[in-house]
Amino acid sequence: DINTLDYIKQQIHEFMVDCEPKKKGKFDIWDYTVNDPIRPVYGGVFHDKENEVAVATDAHMLVACKESFDESKVDVEGFYIDSESKVITYRPIDKYGEFLDYRFPNWKAVIPPKDGYLQEHVSLGELDEYLKKFRAFLKLEGYGKRKPIPLYKVGNVWLNAERLRKFIVASDGKVMVKSNDRPIVYWGEKRTALLMPMLV
C-alpha cells in the first residue's frame, strides 16, 4: 500500500540516499572540521589573512582554500601573543561566527616540500563503489559500533578510505604520494590539502 507510513518512510530514505553522493561531492570547508571536545580548536575554520586562505583540520587531514577565505572573519585583535618573538597568533571562527579562544596550529609547518613526490589519480566513482561494497559487507557481517576502518591503497600508501574521499573532493582526484610513512598531499593554485597515512 503506497499510503502506509512504512512505505513513505522508505521512499524518503531512498531519496536521501540518492542525494547523498551529490551533496558529498561538493567542496565545503566545514566538512574538514571535527566536533572534538578534547581539541575544540579543530571545530573552527582559521582565516589566514597573511596567506589569504581559510584553513580547516581534524588532526588527520588539513585543507587550505583561497576560495573559502573571508576577510570579515579574520581575528583582527588576536588571542595569543608570543612574549619572545612578539608574534600575534589568531583564532579560528566557529559556524556561529564566534571566535574560539584557542591557538590554531601552525598549518604551514606541516606541509612538506615537494621533493620526491609522484602524482597519482584516484577516481571518485571507484572509491565510492569500494565504500559501498565495504558498508554492505559490514551490514552482512552484522558489525556493531566497533567497525573496522576501510583501507584504500594509493601508490604504496594505505589510507582511511572515508577520509581519502574527502581529500579527493578537495583535490579533484589529484594525489601526490611519496612513501608509506609520509602524508599524501595536493598542491593547487586555489587549494592545498594533506592527509596522513594509516600505519598497517
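Where is Glu52 found? In this predicted model, Glu52 belongs to the loop between β1 (46–48) and β2 (53–57). The backbone there is worth a look, for Glu52 has a phi near 55 degrees, a positive value in a residue other than glycine. Most residues other than glycine have a negative phi. Ala59 joins Glu52 in this respect: its phi is positive, at about 80 degrees, although Ala59 is not a glycine. Ala59 sits in the loop between β2 and β3 (61–65). With a relative accessible area of 33%, Ala59 counts as partly exposed, because the buried class ends at 20% and the exposed class begins over 50%. A further positive phi, near 60 degrees, belongs to Asp172, the residue that follows helix α3.

Helix α3 itself, which spans residues 161–171, offers a good place to continue. How many of the 11 residues of α3 are buried? Eight of them are, so the helix is largely enclosed by the rest of the structure. The buried set is made up of Ala161, Leu164, Arg165, Phe167, Ile168, Val169, Ala170 and Ser171. At the N-terminal end of α3, Asn160 acts as a cap, with a side-chain oxygen placed 2.9 Å from the backbone nitrogen of Glu162. The two ends of the helix can thus be picked out in the viewer by Asn160 at the N-terminal end and by Asp172 just after the helix.

Among the buried residues of α3 is a charged side chain, that of Arg165. Its relative accessibility is 10%, and Arg165 counts as buried because this value is under 20%. What joins the side chains of Arg165 and Asp128? The answer is a polar contact of 2.5 Å. Asp128 falls within the residue range of helix α2 (residues 124–141), and Arg165 has its place in α3. These two helices pack against each other with their axes 10 Å apart and at an angle of about 155 degrees. Since that angle is over 145 degrees, α2 is roughly antiparallel to α3. The crossing of α2 and α3 is left-handed.

Aromatic rings add another layer to the picture. Six aromatic pairs are counted in the model, and ring pairs link Tyr130, Phe134 and Tyr152 into a cluster. Charged side chains also meet ring faces. The charged end of Lys166 sits over the ring of Tyr32, at 5.6 Å from its centre. Arg191 likewise lies over the face of Phe27, and here the distance to the ring centre is 3.8 Å.

The last site to visit is Asp181, in the loop between β9 (174–177) and β10 (184–187). Is Asp181 buried, partly exposed or exposed? Its relative accessible area of 43% makes Asp181 partly exposed, because that value lies between 20% and 50%. The side chain of Asp181 takes part in a polar contact of 2.5 Å with the side chain of Ser179. A polar contact of 3.5 Å joins the side chain of Asp181 to that of Arg182. Asp181 and Met196 are 15 residues apart in sequence, and their C-alpha atoms are 8.4 Å apart in space.

How values were computed:
Residues numbered from 1 in each chain as written. Predicted model: local features only at pLDDT ≥ 70, side-chain atom pairs only at ≥ 80, totals over all residues. Heavy atoms only, no water. Phe/Tyr/Trp six-rings, centres within 6.5 Å; stacked < 30°, edge-to-face > 60°. Lys NZ or Arg CZ within 6 Å of the ring centre and 35° of its normal. Helix = DSSP H or I, 4+ residues; strand = E, 2+ residues; numbered from the N terminus. Buried < 20%, exposed > 50% of the residue type's maximum accessible area, 1.4 Å probe, protein only. Polar contact = N/O pair within 3.5 Å; in protein donor to acceptor, adjacent residues only side chain to side chain. Axes fitted to C-alpha atoms, helices over the stretch in contact; angles between N-to-C directions. Parallel < 35°, antiparallel > 145°, perpendicular 65-115°, else oblique. Left-handed = near helix turned anticlockwise from the far one by under 90°.
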